[in-house]
Amino acid sequence: MMGDMSAQPVQEFDPDDPMEIMRVLPARYHDQFLADYDAAAASARRPDQYHELRQTLRLWRLRAAAYSDPDFEARLEAARFAPGHGTPIEDVVAGWSEKVEAARRRRGGG
């Protein structure tokens, strides 16, 4: 004989479930989430836009995790005003100085 079983299907945990996102997300972001969710859900009625709903939910799941971290605001502020963090454009774009100089010459600035 089997133990107690339900005829209800077992629902797997889905971190992208809108209700799970709302549970994790701080209340001050709920209105913004709901507006984005409503827009994405409306757009998802078109088959070529379905991916937008999944993308929106995934993005908000990640935001909810970040926003719910008690140190999020302090780390965000520290990152905004931290001097010397980042990669100089010269290290990212080959020939940056030459490109800037060429643009200046095209504009007649030197």
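This text goes through the helices of a predicted model and then through its aromatic ring pairs.

The protein chain has six helices and zero strands, so the pattern read along the sequence is simply α-α-α-α-α-α. Of the 110 residues in the protein chain, 18% are buried. Among contacts between residues at least 6 apart in sequence, 47% join residues at least 24 apart.

One helix pair can be followed in detail. Helices α2 and α3 pack with their axes 8 Å apart, at an angle of about 165°. Angles over 145 degrees count as roughly antiparallel, and α2 and α3 are therefore roughly antiparallel to each other. The crossing of these two helices is left-handed. On the α2 side, the residues in contact are Gln32, Phe33, Asp36, Tyr37, Ala40 and Ala41. They meet Glu52, Leu53, Thr56, Leu57, Trp60 and Arg63 of α3.

The aromatic residues come next. A pair of aromatic rings is described by the distance of the centres and the angle of the planes. A search of the whole structure finds five aromatic pairs. In one of them, tyrosine 29 and tyrosine 67, the ring centres are 4.1 Å apart and the planes are at 25°; planes under 30 degrees apart count as stacked, so this pair is stacked. Tyrosine 29 belongs to the loop between α1 (18–24) and α2 (30–43), while tyrosine 67 is in helix α3 (residues 50–67). With their positions 38 residues apart in the sequence, the two tyrosines link distant parts of the chain. Tyrosine 29 has a relative accessible area of 13% and is buried.

Another pair joins phenylalanine 33 and tryptophan 60. Here the ring centres are 5.6 Å apart and the planes are at 70°, so the pair is edge-to-face. This pair also links distant parts of the chain, with phenylalanine 33 in helix α2 and tryptophan 60 in helix α3, 27 residues apart. Both phenylalanine 33 and tryptophan 60 are buried, and both appear among the residues through which α2 and α3 meet.

Tryptophan 60 has a charged neighbour as well. Arginine 63 lies over the face of tryptophan 60, at 4.6 Å from the ring centre. Arg63 is itself one of the α3 residues that meet α2.

The ring pairs can also be read together. They link Tyr29, Phe33, Tyr37, Trp60, Tyr67 and Phe72 into a cluster. The cluster thus includes the stacked tyrosines, Tyr29 and Tyr67, and the edge-to-face pair of Phe33 and Trp60.

How values were computed:
Residues numbered from 1 in each chain as written. Predicted model: local features only at pLDDT ≥ 70, side-chain atom pairs only at ≥ 80, totals over all residues. Heavy atoms only, no water. Phe/Tyr/Trp six-rings, centres within 6.5 Å; stacked < 30°, edge-to-face > 60°. Helix = DSSP H or I, 4+ residues; strand = E, 2+ residues; numbered from the N terminus. Buried < 20%, exposed > 50% of the residue type's maximum accessible area, 1.4 Å probe, protein only. Lys NZ or Arg CZ within 6 Å of the ring centre and 35° of its normal. Axes fitted to C-alpha atoms, helices over the stretch in contact; angles between N-to-C directions. Parallel < 35°, antiparallel > 145°, perpendicular 65-115°, else oblique. Left-handed = near helix turned anticlockwise from the far one by under 90°. Contact = heavy atoms within 4.5 Å.
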